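Look at the sequence and the fold together. The paragraphs below start at the ligand and work outward.

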Amino acid sequence: MSRHTPGVLHRRLPGVSAHPGEPSDGPLTVEELQLAARNHSMPLEGLRQDTTPPGLHYLLNHFDIPFIDADHWHLRVSGAVQRSLELNLRALRRAPSISVPVTLECAGNGRSLLRPRPVSQPWVLEAVGTATWAGVPLAYLLEQAGVNENAVEVVFTGADEGLQGGVRQQYARSLPVAEALRRDIVLAYRMNGADLPPQHGYPLRLVVPGWYGMASVKWLSAIKVVTKPFEGYQQAVAYRYQQNADDAGAPVTRIRVRSLMLPPGVPDFFTRRRVLAAGPVMLTGRAWSGRAAVARVDVGIDGKWAPAHLEHPAGPFAWCAWSMPWVADPGEHELTCRAADASGAVQPLATVWNYQGMGNNVVQRIRVTVE
Ligand SMILES: Nc1nc2c(c(=O)[nH]1)N[C@H]1C(S)=C(S)[C@@H](COP(=O)(O)O)O[C@H]1N2
Ligand SMILES: [Mo]
């Protein structure tokens, strides 16, 4: 290594490449297994509940969960503002508050279904959850600070730190100013009515309804209003729709429309294949989109589609329940569900590949044996 290392922030460790590896057709690696053991998805039976209990809500942490002493923690709001702010947890709890039901989904959900497989957190289809997040509206704090005319983005930095792509960093993401001023973005100190659990961002996290999960920065330590687009790793390198490693790609933003079905019957322990008794069964699930309201869900049984009944969601960015009765006849069946949103977007029937495995909202297929 050079003796003239410019500083720890952009130092690349010897032997660490910019990417975890090229997409692979090989078996799952030990590194993917290690990530899968640290981060978990929502068991599909979590689709039964409107609100996902914290232990069932999916989890994605890039680095270590920081240990934060809330008595000495504070949030700093600075940069291109009229007056910088510094607030502790008590001050935040005294500020006006809102409570927002939000479906969060990891942008990498569905990654393991791609061929070749982008090598990272190996999600299947369940990196999703819906919680009620309560705290201070971000817009309120930004208005208190007074955003300058020349501001373009707001950068959110978490207390967690590590290396990714050989780059030493604190987890950080930005939002355009206009987006940051939305009334429903919350600096949450409560999840489903309780303090945030450590793994979900204690004591304070950002929640950006409608955006894939990477925008909702946990363990928030600083908010900085900036006059140039933020170029941090999680903004400029990760979370891009790329065709190859050299493609600058387009930024990943809002959640694409998706639906999931609660698998009927009982699973086989190892294969998760379902076994179901013949006769009437109510097929149920949830559907969501961060771009527009869910407009319809169709359920496919052995390739034959019929519309499901939709219920109202708890909020504009919370999933909605759907159901469809089925009379299961003995034999092997394939069950599918497919949602469309009010923008006209519909889930693809086949995977659409990209280099980082982002936004794969392909339909779910469940094999069942009816006895
Ligand atoms: N500080 C910090 N915030 C973070 C992350 C992280 O690793 N560090 N992961 C992001 C990603 S990629 C996702 S999908 C969501 C996951 O939120 P959850 O674990 O509460 O479900 O948090 C986001 N916020
Ligand atoms: Mo994510």
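Ligand 1 is surrounded by 19 residues, where a residue is near a molecule if its C-beta atom, placed from the backbone, lies within 6 Å of it. The closest are His62, Cys106, Gly158, Tyr171 and Gly213. By class, this shell holds nine nonpolar, eight polar and two charged residues. Here Ala, Val, Leu, Ile, Met, Phe, Trp, Tyr, Cys and Pro count as nonpolar, Asp, Glu, Lys and Arg as charged, and the others, Gly among them, as polar.

A note on the source. This is a predicted model: local features need pLDDT of at least 70, side-chain atom pairs count only at pLDDT 80 or more, and totals for chains, interfaces and linings use all residues. Residues are numbered from 1 along each chain as its sequence is written, while chains are lettered from A and ligands numbered from 1 in the order in which they are written.

Now take Phe63. Phe63 sits in the loop between helix H1 (30–38) and strand E1 (74–79). Helices (H or I, at least four residues) and strands (E, at least two) are DSSP runs, numbered from the N terminus. Is Phe63 buried or exposed? Phe63 counts as partly exposed, because 16 C-beta neighbours lie inside 10 Å. The scale calls a residue buried if 20 or more other C-beta atoms, placed from the backbone, lie within 10 Å of its own, exposed if 12 or fewer, and partly exposed in between. Leaving out residues up to four places away in sequence, Phe63 touches Asp160, Glu161, Gly162 and Tyr171. Contact requires C-beta atoms, placed from the backbone, within 7 Å. Tyr171 is also among the closest residues to ligand 1. Arg115 is 52 residues from Phe63 in sequence and 27 Å away in space, C-alpha to C-alpha.

Gly193 offers a second local view. Gly193 lies in the loop between strand E7 (186–191) and strand E8 (194–195). With 10 C-beta neighbours inside 10 Å, Gly193 counts as exposed. Trp73 is 120 residues away from Gly193 in sequence, and the two C-alpha atoms are 21 Å apart.

Step back to the domains. The assignment, automatic or from a database, gives domain 1 (30–251) and domain 2 (258–370). Their centres, taken over C-alpha atoms, are separated by 27 Å. Across the boundary, 30 residues of domain 1 are in contact with 24 residues of domain 2. On the domain 1 side, strand E3 (98–105) and strand E11 (240–241) are the elements that give two or more residues. E3 supplies the largest share, four residues. That side has 15 nonpolar, 10 polar and five charged residues.

UniProt adds two features, both from an unreviewed entry. "Oxidoreductase molybdopterin-binding" is placed at residues 62–233. That span is 11% helix and 40% strand, with its end C-alpha atoms 12 Å apart. "Moybdenum cofactor oxidoreductase dimerisation" covers residues 278–370. There the chain is 0% helix and 55% strand, and the end C-alpha atoms lie 6 Å apart. UniProt positions follow the numbering used here, feature names are shortened, and annotations may be inferred rather than shown by experiment.

Finally, the whole chain. The protein chain has five helices and 22 strands. Its C-alpha atoms fill a box of roughly 65 × 50 × 35 Å along the principal axes. Buried residues make up 40% of the 371 residues. Among contacts with a separation of 6 or more, 73% join residues 24 or more positions apart. The radius of gyration is 21 Å, which agrees with the value near 21 Å for a compact globule of 371 residues. That radius is taken over C-alpha atoms, and the globule rule is 2.2 Å times the number of residues to the power 0.38.

Definitions and conventions:
Contact = placed C-beta atoms within 7 Å.
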